[in-house]
Number of protein chains: 2
Amino acid sequence: MDSPFVMKLEQFRRFSDEDRRLLSELTSKRQQQYGAREDIVREGEHSPDIHVVISGLACRYKILQDGRRQIMAFLVAGDPCDSEIFILKEMDHSIGTLMPSVIASIPGDTMKDLLLNRPGIALAFWWNTLQDEGVLRERIIDEGRRDAYSRIAFMIYEILLRLRAVGVMDDESFDLAITQTDLADATGLTPVHVNRMLQRLREEKLIAVEGKRWTVLDPAGLRKAAQFEANYLHLDRAKDEPDSEAGKRLKGLI
Amino acid sequence: MDSPFVMKLEQFRRFSDEDRRLLSELTSKRQQQYGAREDIVREGEHSPDIHVVISGLACRYKILQDGRRQIMAFLVAGDPCDSEIFILKEMDHSIGTLMPSVIASIPGDTMKDLLLNRPGIALAFWWNTLQDEGVLRERIIDEGRRDAYSRIAFMIYEILLRLRAVGVMDDESFDLAITQTDLADATGLTPVHVNRMLQRLREEKLIAVEGKRWTVLDPAGLRKAAQFEANYLHLDRAKDEPDSEAGKRLKGLI
DNA sequence: CGCCGGGTTGACCCCACTCAATGATGGTGG
DNA sequence: CCACCATCATTGAGTGGGGTCAACCCGGCG
């Protein structure tokens with residue numbers, strides 16, 4: 001069983017056995033347990049290491065002058081957090097956990113070696129950056145043009161898809177200790193309104209929430225409510241190889 | 001006088017003379033004049049070339065199911081449009097001009113050679129991708145947390161800053177045949193409301209618009225109205241070299 | 001037991017949208 | 001050179017989606 005990190009990067013292209021081994025090793029060595037609501041990297045800092053989410057949930061966020069928080073992206077198992085740090089002097093946003101999570105760190109020098117000497121790995125990382133960009137662009141559409149109901153549906157559907165892609169779900173359920181306030185900070189809505197929209201999604205039997213356990217009862221319905229188009233995730237390569245693991249996991253969703 | 005393309009990439013790091021020469025050559029060879037509102041690359045297509053804006057104004061956009069358009073980013077002189085096409089199978093959004101523009105194309109193979117053999121150039125391109133990501137993240141904050149007035153101010157201030165960085169402005173004025181509808185599609189507002197916000201910015205003597213000529217009368221005031229923080233553009237390297245051309249051009253703005 | 005962080009509900013309000021009409025402006029062809 | 005038309009900017013009136021404020025509930029925990 002591969003690590004979610006390898007699975008994530010392998011959505012794009014199959015690694016050589018050697019590359020896969022190197023990557024697995026990389027994240028298995030230095031893992032650290034974080035609690036909920038802890039910062040991994042803070043805005044303005046420069047970290048010597050690159051971090052990867054192994055399990056749990058983190059997010060990119062920024063605190064505005066007036067104290068409000070905007071979450072710009074969720075980071076799930078397999079997601080690299082800060083590959084940009086090689087190039088940029090300092091982070092322009094913070095990264096923190098939303099629930100207890102395991103985070104691996106990769107020494108910057110090791111990473112640099114890999115990127116220079118392993119074209120396959122470098123390519124996978126570049127691709128990952130481009131997927132991130134696609135997700136950000138889609139979120140701009142989301143905020144610019146969808147109403148609150150679709151926005152919430154969209155956010156949940158995207159999480160579903162991304163968790164599926166790295167294989168950390170049971171059927172259509174996932175454990176996420178995500179609060180309505182987190183969702184509000186991510187969608188640009190108020191917690192009160194998020195609450196009402198979630199109620200509607202539950203009434204319509206699209207989702208169910210019991211404690212921290214989220215279940216998507218009707219993926220197709222949720223997808224429709226979200227006005228979801230998947231092309232921005234560029235999972236097409238996985239889809240085109242239906243026998244691949246990623247292909248199987250995403251069947252019927254994209 | 002360097003091309004805006006070189007100036008743009010050199011915001012990050014100084015090139016060797018050889019690299020600079022190669023880049024200048026690259027964009028001077030195959031230039032094409034586009035009219036207003038023409039597509040350069042369309043969603044779903046795969047272009048063999050990479051495009052660079054030489055002059056004018058283009059944007060990344062997507063047409064939604066219901067026919068509305070969302071502009072996700074403006075592309076000004078010096079901006080590469082589609083470096084992602086090396087990796088991704090097809091574009092997940094379109095790129096089109098907003099006013100008559102000159103666009104250079106660089107053959108994909110030539111580009112690939114450069115990226116593999118010229119680490120300085122590859123680095124500059126990666127950096128450019130990361131800056132783009134920063135801009136996208138900032139736009140998410142913009143849409144999520146700012147009101148219409150700040151959003152319009154923000155958009156104008158960002159354009160001011162980016163045009164300054166590549167040196168295509170006279171004082172605080174620039175010629176942009178950008179319509180209020182374009183601004184609306186970029187900010188997620190309606191044209192009517194954009195109109196009212198622009199009126200307010202003019203009443204407050206922050207900007208002036210005569211025909212296609214936009215003038216920023218009060219950069220500091222506009223910046224304040226936009227609640228603008230510049231760190232996401234990562235222009236700090238230019239700032240730290242006050243003697244550099246980019247440093248001079250951005251003095252007092254970041 | 002009391003506290004605290006979250007979820008839920010209701011009443012009220014305002015920012016931005018909608019719809020619709022009217023001016024400007026500029027390009028085009030006769 | 002002017003009539004025409006398309007496009008864009010502007011204005012007004014009315015509406016509604018989502019925000020604000022505040023109360024209350026609930027479960028977990030020290």
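A polar contact here is a pair of N or O atoms within 3.5 Å; within protein, one of the two must be able to donate a hydrogen and the other to accept it, and residues adjacent in sequence count only if both atoms are side-chain atoms. With that in hand, look at DNA strand C, where a base oxygen is 3.4 Å from an N or O atom in the side chain of B:Arg196. Chain A has its own arginine at this strand: an N or O atom in the side chain of A:Arg196 is 3.4 Å from a base nitrogen of DNA strand C. The backbone of the strand is touched as well, with a phosphate oxygen of DNA strand C 2.8 Å from an N or O atom in the side chain of A:Gln199.

Before going on, a word on what you're looking at. This is a predicted model, in which local features need pLDDT of at least 70 and side-chain atom pairs count only at pLDDT 80 or more, while totals for chains, interfaces and linings use all residues. Residues are numbered from 1 along each chain as its sequence is written, chains are lettered from A and ligands numbered from 1 in the order in which they are written, and side-chain values use heavy atoms, with hydrogens and water left out.

Back to DNA strand C. There are 16 residues around this strand, and A:Gln180, A:Asn195, A:Gln199, B:Ala148 and B:Thr190 come nearest; a residue is near a strand if one of its heavy atoms lies within 4 Å of it. Of the strand C atoms within 4 Å of the protein, 74% belong to sugar or phosphate, and bases make up the rest. Which element gives the most to the surface near DNA strand C? That's α7(A), with five residues. (Helices are DSSP runs of H or I with at least four residues, strands are runs of E with at least two, and both are numbered from the N terminus.) By class, the surface near DNA strand C has four nonpolar, eight polar and four charged residues. For those classes, Ala, Val, Leu, Ile, Met, Phe, Trp, Tyr, Cys and Pro count as nonpolar, Asp, Glu, Lys and Arg as charged, and the others, Gly among them, as polar.

Now hop over to DNA strand D. This strand has 16 residues around it, and the closest are A:Ala148, A:Thr190, B:Gln180, B:Asn195 and B:Gln199. Sugar or phosphate accounts for 72% of the strand D atoms within 4 Å of the protein, and the rest belong to bases. Two phosphate contacts are worth picking out: a backbone N or O atom of A:Ala148 lies 2.9 Å from a phosphate oxygen of DNA strand D, and an N or O atom in the side chain of B:Gln180 is 2.8 Å from a phosphate oxygen of DNA strand D. B:Arg196 turns up here too, with a polar side-chain atom 3.3 Å from a base nitrogen of DNA strand D. The α7 helices (191-203) of chain A and chain B each supply at least two residues of the surface near DNA strand D, and α7(B) gives the most, with five residues. The residues of this surface divide into four nonpolar, seven polar and five charged.

Next, the aromatics. Over all chains, the structure holds six aromatic pairs. Rings of Phe, Tyr and Trp (its six-membered ring) pair if their centres lie within 6.5 Å; planes under 30 degrees apart count as stacked, over 60 as edge-to-face and the rest as tilted. The rings of B:Phe154 and B:Phe228 have centres 5.2 Å apart and planes at 35°, so this pair is tilted. B:Phe154 lies in helix α5 (residues 148-165) of chain B and B:Phe228 in the loop between α8 (219-225) and α9 (236-240) of chain B, so the pair ties together parts that are 74 residues apart in sequence. Buried or exposed, at 0% relative accessibility, is B:Phe154? B:Phe154 counts as buried, and B:Phe228, at 5%, counts as buried too (buried is under 20% relative accessible area, exposed over 50%, partly exposed in between, with a 1.4 Å probe and protein chains only).

Over in chain A, A:Phe154, A:Tyr157 and A:Phe228 form one aromatic cluster. The charged end of A:Arg146 sits over the ring of A:Phe154, 4.2 Å from its centre; for that, NZ of Lys or CZ of Arg must be within 6 Å of the ring centre and within 35 degrees of the ring normal.

Finally, two loop residues. A:Lys205 has a positive phi of about 60° although it is not a glycine, and B:Gln227 has a positive phi near 50°. A:Lys205 counts as exposed at 57% relative accessibility, whereas B:Gln227 is partly exposed at 31%.
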